[in-house]
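The following exercises are to be worked with the sequence and the three-dimensional model in view. Each task is followed by a stepwise solution.

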Amino acid sequence: MSSNTDAIRELAQQDYKWGFVTPIDEDRAPKGLNEEIIRLISAKKSEPDFMLEWRLQAYRHWETLAKSDGEPKWANIHYPPIDYQAISYYSAPKKRPTLKSLDELDPEILRTYEKLGIPLAEQKLLAGVAVDAVFDSVSVATTFQEKLAEAGVIFCSFSEAIQTHPDLVRKYLGSVVPYTDNFFATLNSAVFSDGSFVYVPKGVRCPLELSTYFRINAAETGQFERTLIIADQGAYVSYLEGCTAPIRDQNQLHAAVVELIALDDAQIKYSTVQNWYPGDKNGKGGIYNFVTKRGACRGRNSKISWTQVETGSAITWKYPSCILQGEHSVGEFYSVALTNHYQQADTGTKMLHIGRNTRSTIVSKGISAGHGQNTYRGQVAIMKGATGARNYTQCDSLLIGDQCGAHTFPYIEVKNSTARMEHEASTSKIGEDQLFYLRQRGLKAEDAVSMIVNGFCKRVFRELPMEFAVEAQKLLSVSLEGSVG
Amino acid sequence: MSLLEIKDLHARVDGNEILKGVNLALDSGEVHSIMGPNGSGKSTLAQVLARRETYEITAGQVLFAGKDLLALKPEEAACEGLFLAFQYPVEIPGISNAYFLRSAVNAIRKYRGEDEVDAIDFLPKLRERLKLLDMDEKLLNRSVNEAFSGGEKKRNEILQMAVLEPRLAILDETDSGLDIDALKVVAQGVNAMRSPDRAILVVTHYQRLLDYIVPDYVHVLVDGRIVRSGGPELALQLEEQGYAALESAAASSGSAA
Ligand SMILES: Nc1ncnc2c1ncn2[C@@H]1O[C@H](COP(=O)(O)OP(=O)(O)OP(=O)(O)O)[C@@H](O)[C@H]1O
Ligand SMILES: [Mg+2]
């Protein structure tokens, strides 16, 4: 009735702009999951035996999980059963590029990344950002490798790392997220096809922002990427991932695993702008995003900081966490999760304080619009030995309209009496008075909504690298389109 | 033709009729004041003119610069040059005052087909207006009205008016919550905005403000109708006698109608 309402509705009705399909010849595995498929994936990638062994162990474990409890059931999300035999676990563009030159990359793929606003040609790159582009299951281009190599930084696709740095992979793979960790992580361990690998050596401050763009293109496939980042003593690296997918009526599964390892005095800043296809306004289609992300602060004074802006996916199930083992280590989690239409997000973090004087900060901003359901689920655990541990948690929800939902489940476990915990939480609604105030100053209703939402998220956006903060703001506005109601 | 012409305006909210036939005309260059007891409908009138959608118009007509004001959305009315200084300014956490002001200026410029101004070109003007209102520059980087004192909020409203340069400014009890020095500063700011091509409508309870912003006309709103109009001396008379006499007048005129 009111035009505030209409504007919110219009805003929410906006189309997904990254939903095109790239016509390309693909090399894909037949549907279904069995040992043969695992062997096929491993063989396609000419992997050493230890990799195949690890995958098979994971696969066998997954089979037992699939036969017993299946997927974890505790999250506040609802979806029809997933048929794991109806998915193809490997799809790759047929023309495999040599990584020597982008010229040999299929021009269709180059064009795709251009459309997405991700220039792969090095001269056109944002100054200081090296990009690894993962198209369906394989990494198709990694830029700026030479410049990084000069600094001693290894930044390449996971497949390449297995070939060129098998010792590092062997030492760290599964050391933070073991293949037994959870249903989806186990599945990923068995079938992961590619992802990014980063190693920053002792004392090196990575001279570029590193960035990976994940793109699902093929239909009826899953994307299972695996990322491993190691910051050696005193090293620093900032890494950003972005994700998009075409519009499809069918739901598609995305089950990634990210492992971070920070040694003494090392720092890893990991930022995500997740914009997988969210499904249409009636909730049809969209990506099921079941992701395990965990960082280990193994060294003294190490720091791992997660920043995420989650606007896409039909379902988001994701808890980037920190294991604070090293004394004085620091874990941070800054999150914006937006659910519009029929999107569901169950996301949060775990901060596990093991070492003395470890500190963690959690700032979560959930925005629900349309029929969206947004759940914050967080755990802060202070172990016996974590004398002097501190946690600060702030958890805010913003509701747009009255058909959406916001839920918070903070779990706190304290086994050391010296711990200091602070928790703040709020739930608010975009008020008619706020909208009217902004509109009285000349802003259109949808711009007024964006402004209020961006203000709400400011604390998190501040943590993003500059260029991406701007992108995230725009993305949020677009994702909200049609939500003024 | 008047800048603003209100004819027999009736409005309700949640089924209650609040405005019961308001007639009023303002010309550019004029300052009018509306006074009246609590609950008489002053803020309602201001918000109806600013096109707040929670109010339902049941009868009447309003022309603003020749346009049918009641057909406009709030942002369109704003872009046409109507500004409302709120009785209760709203907080917008996380959005800096400076960014907010520039967004508003640019929204209006865009509506008028003008180029947007960037932050660098905008700042000098903003600083100048801050000075006019004796405001601390720090307020520019703070979130809009968040944790502002009552007086700072009111000043901030006038700052916005001074930056947006409307054709018609409606000030709803901008004097309430101001200490006497702030009142003078704000009045000075408003007076500096008086101009032949701008009209100002001041809603207030107190003669005190009108000592500083001397209106051309004073109107008394009682129970949703303007029951008396006159010059500045009417305000003085009200200060002495209160509304009681006028209210009984309104009641009898109401029963006669
Ligand atoms: N949403 C609403 N529902 C019901 N009544 C309302 C609503 N909004 C305003 N009113 C009523 O309308 C009447 C006029 O209110 P309004 O705010 O316009 O008065 P005012 O003249 O500005 O008063 P004051 O001098 O106290 O600011 C009041 O009786 C008020 O209670
Ligand atoms: Mg009032």
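**Exercise 1. Determine which residues come nearest to ligand 1, and describe the polar contacts and the shell.**

Step 1. Of the 15 residues around ligand 1, the nearest are Gly39(B), Lys42(B), Ser43(B), Thr44(B) and His205(B); a residue is near a molecule if one of its heavy atoms lies within 4 Å of it. The model is predicted: local features need pLDDT of at least 70 and side-chain atom pairs pLDDT 80 or more, whereas totals for chains, interfaces and linings use all residues. Residues are numbered from 1 along each chain as its sequence is written, chains are lettered from A and ligands numbered from 1 in the order in which they are written, and side-chain values use heavy atoms, without hydrogens and water.

Step 2. Search for polar contacts, that is, pairs of N or O atoms within 3.5 Å; within protein, one must be able to donate a hydrogen and the other to accept it, and residues adjacent in sequence count only if both atoms are side-chain atoms. A polar side-chain atom of Lys42(B) is 2.8 Å from an oxygen atom of ligand 1. For Ser43(B), a backbone N or O atom lies 2.8 Å from a ligand oxygen atom, and for Gly41(B) a polar backbone atom lies at 3.0 Å from one.

Step 3. On its own, ligand 1 has 640 Å² of accessible area, of which the protein covers 64% (Shrake-Rupley method, 1.4 Å probe).

Step 4. Two or more residues of the shell come from each of β2 (16-26) and α1 (42-49) of chain B. The most come from α1(B), with 3 residues. Helices (H or I, at least four residues) and strands (E, at least two) are DSSP runs, numbered from the N terminus.

**Exercise 2. In what order do the 4 strands of the open sheet in chain B stand?**

Step 1. The order is β2-β1-β4-β5, with antiparallel pairing; strands pair if DSSP finds at least two bridges between them.

Step 2. The edge strands, β2 and β5 (67-68) of chain B, each pair on one side only.

Step 3. Strand β1 (residues 4-13) of chain B pairs with β2(B) over 8 bridges. Here Val13(B) stands opposite Asn16(B) of β2(B).

**Exercise 3. Is Asn145(B) buried or exposed?**

Step 1. Locate Asn145(B) in the loop between β8 (143-144) and α6 (150-164) of chain B.

Step 2. Asn145(B) is buried because its relative accessibility is 0%; buried means under 20% relative accessible area, exposed over 50%, partly exposed in between (1.4 Å probe, protein chains only).

Step 3. A polar side-chain atom of Asn145(B) lies 2.8 Å from the backbone oxygen of Val90(B).
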